[in-house]
Amino acid sequence: MTEIVLYGHPDSGHACKVALALSLAGLPHRTVWVDIWADPSTRPAEFLAVSPLAEVPVLVIDGTPYFQSGAILMQIAERFGVLGGDTAEGTARGRSILMWEANRIGMCLPQLKQAKVDNMEGWDPAVIAWLKMRYGVDSANFAKLLGDKPFLHGDQPGFGDCQVWGYVQWVREAGVEPTEVMQGWIDRMRALPGMKTPAEFFPN
Ligand SMILES: N[C@@H](CCC(=O)N[C@@H](CS)C(=O)NCC(=O)O)C(=O)O
């Protein structure tokens, strides 16, 4: 049987998206909680041995480590033929959503969330305004990508939905409001049987 180990932390949306994909796909795995707020050099040796940048998430499948959340999602989808990875169309759709997320909405929500955690200390107001302006464009584009379907992959959620979930799950914690369309998608994602809270995905 395939052995799958996921290293992550509940504060990491990048790790949550991978945990969600494994859960939605029903792939048995073990999770290892890694303290992302500690000095990287103090993280467990077994983790540092598989994580080239000392970052989470890392997914180890039968002893082979994979890093970068989007690449991990593609690995899961294509290797196990799940979450859209079972068809050429679903795989292409997921890849496009991945690239959009990584360049756009996943490049403003994490920063806005962190700025709130830091009480804006050390954050230039002009940078916050720029990130919020980008979020405005991204949230409008989210609706275009969703179209009239319940999920970004269509009638069922795919690995692209998992990617976007990573930080859109915390849209309010980032200090911005979801659009009505986005809120509908968030509600449908939260209602999925495989959905869990970040702390449930990564118990310490
Ligand atoms: N682009 C990476 C981002 C990974 C990342 O930034 N991980 C953060 C948590 S969200 C981390 O491990 N931070 C701890 C550190 O850098 O020391 C991905 O998609 O996996």
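This report describes the ligand site and the cysteines of a predicted model.

## Residues around the ligand

The ligand occupies the largest pocket of the structure. Around the ligand stand Ser 12, His 14, Ile 36, Pro 40, Arg 43, Glu 55, Val 56, Pro 57, Gln 68, Ser 69 and Tyr 167. By residue type, this shell holds five nonpolar, four polar and two charged residues.

## Polar contacts and cover

Three members of the shell, Arg 43, Gln 68 and Ser 69, place polar side-chain atoms at short listed distances from the ligand. For Arg 43, a polar side-chain atom is 2.9 Å from an oxygen atom of the ligand. Gln 68 has a polar side-chain atom 2.8 Å from a nitrogen atom of the ligand. In the side chain of Ser 69, an N or O atom lies 2.6 Å from an oxygen atom of the ligand.

On its own, the ligand has 510 Å² of accessible area, and the protein covers 72% of that area.

## Cysteines without a disulfide

How many disulfides does a search of the whole structure find? The search finds zero. Cys 16 is in no disulfide, and the nearest cysteine sulfur, that of Cys 162, is 11 Å away.

Why is there no bond at Cys 162? The closest cysteine sulfur to that of Cys 162 belongs to Cys 16, and a bond is ruled out because the 11 Å between them is too far. A disulfide needs the two sulfur atoms within 2.5 Å.

Are these cysteines buried or exposed? Cys 16 is buried, with a relative accessible area of 1%. Cys 162 is also buried, and its relative accessible area is 0%.

Technical notes
Residues are numbered from 1 along each chain as its sequence is written. This is a predicted model: local features need pLDDT of at least 70, side-chain atom pairs count only at pLDDT 80 or more; totals for chains, interfaces and linings use all residues. Side-chain values use heavy atoms; hydrogens and water are left out. A residue is near a molecule or strand if one of its heavy atoms lies within 4 Å of it. A polar contact is a pair of N or O atoms within 3.5 Å; within protein, one must be able to donate a hydrogen and the other to accept it, and residues adjacent in sequence count only if both atoms are side-chain atoms. Accessible areas come from the Shrake-Rupley method with a 1.4 Å probe; for residues, only the protein chains shown count as cover. On a 1 Å grid over the protein atoms alone, a cavity is a set of points where a 1.4 Å probe fits but cannot get out, and a pocket is an open set with protein on both sides within 12 Å along at least five of seven lines; lining residues have an atom within 4 Å of a point. A molecule sits in a cavity or pocket if more than half of its atoms lie within 2 Å of its grid points. Ala, Val, Leu, Ile, Met, Phe, Trp, Tyr, Cys and Pro count as nonpolar, Asp, Glu, Lys and Arg as charged, and the others, Gly among them, as polar. Buried means under 20% relative accessible area, exposed over 50%, partly exposed in between (1.4 Å probe, protein chains only).
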